[in-house]
Amino acid sequence: MTELADAGHLRNRTDVSPDVRATERRRVVTAVLAYAGVRALGLAVLAVWSATRGTSPHTLLAARWDSLWYTRVAEGWYGYQVRLPEGGVHSDLAFFPLLPALERGFAQLSPLSAPDAGLLVSAVASLATAWALYLVGERLHGPRAGVCLAVLWGAVPVGVVQSMAYSESLFTALAAWALWAALTGRWVWAGTLAALSGLTRPVGAAVVAGVWCAALCELWRRRRGPGARMALGLLLAPAGWFGFVAWVGVRTRSVTGYLDVQGQWGNGFDGGWAFARFVWENLTGTFVGGLALLAGVALVLWLYALCVRQRQPSALLVYAGIVVALALCAKGYFGSKPRLLLPAFPLLLPCAAALSRWRPARAALTLGALAAASAVYGAWWLNGSGPP
């Protein structure tokens, strides 16, 4: 396989002809439409499945679990909390502000309710993610790999979350575009998008690390200090994440305020000890469930090892590594692990690269089968336990 390089070694493509630009635009549209088709299939299967069970697909997508918390923040801003019977407190300060802010803005400027605004944000953001994933895949492995990467992300087992009023689609769009901007030397854009990702989810820190890593690789290659635009981008990158965490600290009058809020929700980083115990309990109880969990973890680690062997740009490896580490090594509701891994799109690059070398008909059939399986699983999942 051709050796991949970091940002400074990737080819410059600013001097291409208008015909080439038109071809690239058509390829982007193809990738985005293919992704949209996958998600449309998922929503259609969800609608049929829900009709047979007498449930509302709209409620499942926009008014359950974390969607309700985002709606509360959007409608009343911060300050809502639930006191649990055992004395604990669940506070809305655990939820980062960008998604509810967008929901609030769209609800005030349009006839949409806050939950419907959340669905709109996720729909637009997921299409933006497909666009960015195409660009990343195309840059590293060619146009067909870019299309495959966008479709694969839509066809992961819990891909239905991308169509929910959750923050995964918005975050992944910001992360993918930030990393692409860093890989192509657009430092102010990279820093700005990284800052926005830090206002979306706690794992925004992974985007900051990826952008900084890309900059360090570029500085090492050039053997000189950062220019003004790079320096500005690097300063902007952590502003969103640190800003919100600091604000929560001021509001709770504690330096560790945000960690304390997450601790009340049962979340925290323990190096994977709680998850390991959960897997062991499944192995000694429902053995098949335990094996499935082990297989899932092994698959994730194997895909990351392939990314390293494939010599992906360091920015992508650092970003994906942190996302995976935080997902697998944190406490909390273990059913949310697959959802937390959704932003780790570099894990899909080895599969996208392999599919791009297959015959088109064979690749299309495989992607179609994955999309159908994802649609059925997503409909079953949302009508069952679903995401927390």
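**Exercise 1. Which residues form one aromatic cluster with W77?**

Solution. The model is a predicted one.
Step 1. Take W77 as the starting member of the cluster.
Step 2. Add Y78, F96, F244, W247 and Y258. Together with W77, these residues make up one aromatic cluster.

**Exercise 2. Classify the ring pair W69 and Y80, and state what the pair ties together.**

Solution.
Step 1. Start from the total: the structure holds 19 aromatic pairs.
Step 2. Check the geometry. The ring centres of W69 and Y80 are 5.5 Å apart, and the planes meet at 65°. Planes over 60 degrees apart count as edge-to-face. The W69–Y80 pair is therefore edge-to-face.
Step 3. Locate the partners. W69 belongs to helix α3 (residues 66-76), while Y80 sits in the loop between α3 and β1 (81-83). The pair thus ties together parts 11 residues apart in sequence.
Step 4. Check burial. W69 has a relative accessible area of 10% and is buried. Y80, with 35%, is partly exposed.

**Exercise 3. Repeat the analysis for Y70 and F95.**

Solution.
Step 1. The ring centres lie 5.3 Å apart, with planes at 75°, so Y70 and F95 also form an edge-to-face pair.
Step 2. Y70 is in helix α3, and F95 is in the loop between β2 (89-91) and α4 (98-109). The parts tied together are 25 residues apart in sequence.
Step 3. Y70 is buried at 5% relative accessibility. F95 is buried too, at 7%.

**Exercise 4. Find the arginines that lie over the faces of W69 and W358.**

Solution.
Step 1. For W69, the arginine is R72, at 5.2 Å from the ring centre.
Step 2. For W358, the arginine is R362, at 3.8 Å from the ring centre.

**Exercise 5. Describe the salt bridges of E24, E218 and R201, with the placement of each pair.**

Solution.
Step 1. Note the total: the whole structure has six salt bridges. Side chains of opposite charge can pair when their charged atoms come close.
Step 2. E24 pairs with R21, with the closest N and O atoms 3.5 Å apart. Both residues lie in helix α1 (residues 18-53), three residues apart, or about one turn. E24 is buried at 14% relative accessibility. R21 is partly exposed at 32%.
Step 3. R201 bridges to E168 at 3.2 Å, N to O. R201 is in the loop between α8 (187-197) and α9 (204-222), and E168 is in helix α7, so the bridge ties together parts 33 residues apart in sequence. R201 is buried at 11%, and E168 is buried at 1%.
Step 4. E218 meets R221 at 3.7 Å, N to O. Both are in helix α9, three residues apart, about one turn. E218 is buried at 7%, whereas R221 is partly exposed at 35%.
Step 5. Shared partners join D66, E168, R201 and R339 into one salt-bridge network.

**Exercise 6. Identify the best-connected members of the largest nonpolar core, then list the contacts of L382.**

Solution.
Step 1. The core has 106 residues. V207, L316, Y319, F345 and L382 touch the most other members.
Step 2. Helix α7 (residues 168-183) supplies the largest share, 13 residues.
Step 3. Set aside the neighbours of L382 within four places in sequence. L382 then contacts L46, L60, L61, R64, W65, V160, M164 and P387.

**Exercise 7. Characterise the span annotated in UniProt as a domain.**

Solution.
Step 1. The unreviewed UniProt entry annotates residues 115-225 as "domain: Glycosyltransferase RgtA/B/C/D-like".
Step 2. This span is 77% helix and 0% strand. Its end C-alpha atoms lie 46 Å apart.

Methods: Residues numbered from 1 in each chain as written. Predicted model: local features only at pLDDT ≥ 70, side-chain atom pairs only at ≥ 80, totals over all residues. Heavy atoms only, no water. Core = buried A, V, L, I, M, F, W, Y, C linked by side-chain atoms within 4.5 Å. Buried < 20%, exposed > 50% of the residue type's maximum accessible area, 1.4 Å probe, protein only. Helix = DSSP H or I, 4+ residues; strand = E, 2+ residues; numbered from the N terminus. Contact = heavy atoms within 4.5 Å. Salt bridge = Lys/Arg side-chain N within 4 Å of Asp/Glu carboxyl O. UniProt positions renumbered as here; feature names shortened; annotations may be inferred. Phe/Tyr/Trp six-rings, centres within 6.5 Å; stacked < 30°, edge-to-face > 60°. Lys NZ or Arg CZ within 6 Å of the ring centre and 35° of its normal.
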